[in-house]
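Grab a pencil and work through these exercises on helix packing and nonpolar cores. Each task comes with a solution you can check yourself against.

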Amino acid sequence: MILVTGATGTVGREVVSLLLARGEQVRAVSRDPSRADLPAGVEVVAADLGDPASLTPHLTGVEAVFLIWPFTDPAVARRAAPEVARTIAEHASRIVYLSAPGAADQPASFWAEVERAVEASGAAWTFLRPVGFAANTLMWADQIRAGDVVRWPYGGAARSLIHERDLAEVAVAALTSDGHAGARYLLSGPATLTQEDQVRAIGRAVGRELRWSEMPVGEARQMLSAAFGDPAFADAALAGWAAFVARPEQVTDTVRRLTGHPARTYAEWAADHAAAFR
């Protein structure tokens, strides 16, 4: 039995589907199982990582856990993650945590707090540190459905965004096969592409010519602060994009090494999600 937290999210849904396709037993955690809309064959249970005790009844028979941490506040992670990790480790022998590269260079981040908690839990662990998700560019969908211009900051930021299916395939490998304990995998797409070129790729996928319009950083900060509910998180996102203008995001071959195929390109991702932009 494999327990999947964050099972209704972009990556979690892919992990659930791939595990089912392998014939694995899957138990999916959702705050509201009635709205989970997961495939038949998945046991959907109600729990909340903010209440670690709510996990306990659902860990019986579980061998491995895919952990997605839902809170961005480092103080919440510092307080709750150790108990969550210990609770899991009392039952499961393996934890695969969806982390981020920021865990390595931002020791006060929630990613780093959760990594430390998982390491201290006593379970075997694997950390997945993907660069930006290609799916995050769905934030442009409303603008693209409404017109031919995407207005956003840092058009020259060069990212090596990863397709959620590649990330899920790596997660499933770490959950179901040996040789991944203690690994910190940096995961990326196969090449860098600027944000402006990402918009052009979406245009090709939907059969329209799309254009980029640079948004002032101050305006973007205000918008992102409202969306995230956390100005510090907005500042971190903007600083990251600014850095990728001068120094493109790293490209790794980890997906190829662990799955046996090259990472999917951003153009492939755009084609797979073209309907969302139409």
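For the first exercise you need one cut-off: axis angles under 35 degrees count as roughly parallel, and those over 145 as roughly antiparallel. Bear in mind that this is a predicted model.

**Exercise 1.** Work out how helices α2 and α4 are oriented to each other: roughly parallel or roughly antiparallel?

*Solution.*
- Start with the geometry: α2 (residues 74-89) packs against α4 (residues 110-120) at about 20 degrees, and their axes lie 8 Å apart.
- An angle of about 20 degrees is under the 35-degree cut-off, so α2 and α4 are roughly parallel to each other.
- Now add the hand: the α2/α4 crossing is right-handed.
- Next, who touches whom? α2 brings P74, A77, R78, A81, P82 and A85, while α4 brings F110, E113, V114, A117 and V118.
- Sorted by class, that contact has nine nonpolar residues, two charged ones and no polar ones.

**Exercise 2.** Find which element supplies the largest share of the largest nonpolar core.

*Solution.*
- Size it up: this core has 33 residues, and L55, W69, Y97, V114 and V118 have the most contacts inside it.
- List the suppliers: β4 (64-67), α2, β5 (94-98), α4 and β6 (124-130) each give at least two residues.
- Pick the winner: α2, with seven residues.

**Exercise 3.** Which residues does Y97 contact, leaving aside neighbours within four places in sequence?

*Solution.*
- Among the partners of Y97 are F110, W111, V114 and E115.
- The rest of the list is L67, W69, T126, F127 and L128.
- Elsewhere, a second, separate core has 32 residues, including V4, A28, Y185 and V255.

Methods:
Residues are numbered from 1 along each chain as its sequence is written. This is a predicted model: local features need pLDDT of at least 70, side-chain atom pairs count only at pLDDT 80 or more; totals for chains, interfaces and linings use all residues. Side-chain values use heavy atoms; hydrogens and water are left out. Axes are lines fitted to C-alpha atoms, for helices over the stretch in contact, and angles run from 0 to 180 degrees between N-to-C directions. Helices (H or I, at least four residues) and strands (E, at least two) are DSSP runs, numbered from the N terminus. Angles under 35 degrees count as roughly parallel, over 145 as roughly antiparallel, 65 to 115 as roughly perpendicular and the rest as oblique. A crossing is left-handed if the near helix is turned anticlockwise from the far one by less than a right angle, and right-handed if clockwise. Contact means heavy atoms within 4.5 Å. Ala, Val, Leu, Ile, Met, Phe, Trp, Tyr, Cys and Pro count as nonpolar, Asp, Glu, Lys and Arg as charged, and the others, Gly among them, as polar. A nonpolar core is a set of buried Ala, Val, Leu, Ile, Met, Phe, Trp, Tyr and Cys residues joined through side-chain atoms within 4.5 Å. Buried means under 20% relative accessible area, exposed over 50%, partly exposed in between (1.4 Å probe, protein chains only).
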